[in-house]
Amino acid sequence: MKVVCVGGGPAGLYLAILLKRQDASHDVTVHERNPEGSTYGWGVTYWRGLLDKLHEHDPESARAVEEHSVRWTDGVARVGDVTTRHRGDEGFGIGRHRLLGLLAARARALDVRLEFRSELTRPPAGADLVVAADGVHSALRTRAAGHFGTRVTAGRNHYIWLGTTKVFDAFTFAFTETEHGWIWAYGYGYGAGHSTCVVECSPQTFTGLGLDRADEAERAALLEKLFADVLDGHPLIARPGAGWLTFRTLTNRTWHHGNLVLLGDAAHTTHYSIGAGTTLALEDAMCLAGTLRTHAGLPEALAAYEQRRRAELLSVQSAARYSAQWYENLPRYIRLPPHRMFALLGQRHSPLLPHVPPQLYYGLDKAAGQLEPLRRFKRWLGPRAARALHARSTARQG
């Protein structure tokens, strides 16, 4: 089979690796519009579950990724001058540049052709399968946007991706109150000497602080002052041209059209606050490679891929929506005692939390943690409530 992957991010590279491992006779080419070694972003996060899947699908690249990752088990929340630390799940961080380099090296070792500075804006002739792994602004998807039924919903809050030389030893949340409202940061290490730091705030805080008018130097000085207690004197670093964004939740009515299929952010996006974007892209690649292996016909394989991934994404997309809403409604939770606020920060994915007074939810959740019948009821009720609320929201949008 002749396969062309458009986009040299984690999804496109990993799919190429898996296809060549399945059948070395596959002719696989990855086209990336940027020069080799250039990438946006800082570090990415993932969790033990993804690492286990990577070891299952390609042990060699999994060992390399694990070797070059940093890990943490604690979560830290700092609200003003009060800090709370909790033990959590094992998490990992790796530089995006490093991750792409490792996957590119593995792909080359398997005889995948990598074409950098090569931008394809239309499906190439002669390919059996064309994979649009070219991100949220996918040119291939945009050409057939009417068929795919692309829908983009903009979030309310403003955010910016930054780096810092402060190395966080835990996944860190820092909330700072200003006269114009709250502003907060998520920080996590991803390599020797560097961490990612995502800063977010409401539109009112954004304009009130003058961040909409500040140049790069003014922005850096203000943010470093606001988060001085967690940065410990370290600077915040911006990529050239990096600016403030609002998150774009992207969905598609269908993910394939003829021999063209969408992968990763070209097919779907989930809010950055759940730290799942890279994981979901890699899992897309695993699923597509699997259906191509188990289905003789391409239409059947692409349909099976879409059906399976849509089902698997339901709970993640629900969690992302509620996580984004939690931050958009931060004043509802921020005045709780710090340990309670942090507990509800961990529960922000719950579809029940927005509909129950925070103090009451905290008490019920604590009781559920101690009584097995309540834990079972919560596990039973949560997904059903999420599906019902999602169906109601979809009906209103339609």
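Setting aside neighbours within four places in sequence, Thr270 makes contact with Phe247, Ala276, Gly277, Leu280, Val316, Gln317 and Ala320. The model in which these contacts are found is a predicted one. Thr270 sits in the loop between strand 16 and helix 10, the helix that spans residues 277-294. Is Thr270 buried or exposed? Its relative accessible area is 10%, and a residue counts as buried under 20%. Thr270 is therefore buried.

The strand before this loop leads to a sheet. Strand 16 belongs to an open sheet of 6 strands, arranged in the order 6-2-1-7-16-15 with mixed pairing. At the edges are strand 6, residues 113-116, and strand 15, residues 256-257, each of which pairs on one side only. Strand 15 is joined to strand 16, residues 260-262, by 2 bridges, and these two strands run antiparallel. For His256, the bridge partner in strand 16 is Val261.

The helix after the loop leads to a core. The largest nonpolar core has 63 residues, and those that touch the most other members are Tyr14, Leu15, Leu54, Val131, Leu263 and Leu288. Helix 10 gives the most to this core, with 9 residues. What does Leu54 touch, not counting residues up to four places away in sequence? Its contacts are Tyr14, Pro59, Ala62, Leu282 and Met286. Another core lies apart from the largest one; this second core has 28 residues, including Trp184, Val198, Phe247 and Tyr362. Phe247 has already appeared above, as one of the residues in contact with Thr270.

Technical notes. Residues numbered from 1 in each chain as written. Predicted model: local features only at pLDDT ≥ 70, side-chain atom pairs only at ≥ 80, totals over all residues. Heavy atoms only, no water. Pairing = 2+ DSSP bridges. Helix = DSSP H or I, 4+ residues; strand = E, 2+ residues; numbered from the N terminus. Buried < 20%, exposed > 50% of the residue type's maximum accessible area, 1.4 Å probe, protein only. Contact = heavy atoms within 4.5 Å. Core = buried A, V, L, I, M, F, W, Y, C linked by side-chain atoms within 4.5 Å.
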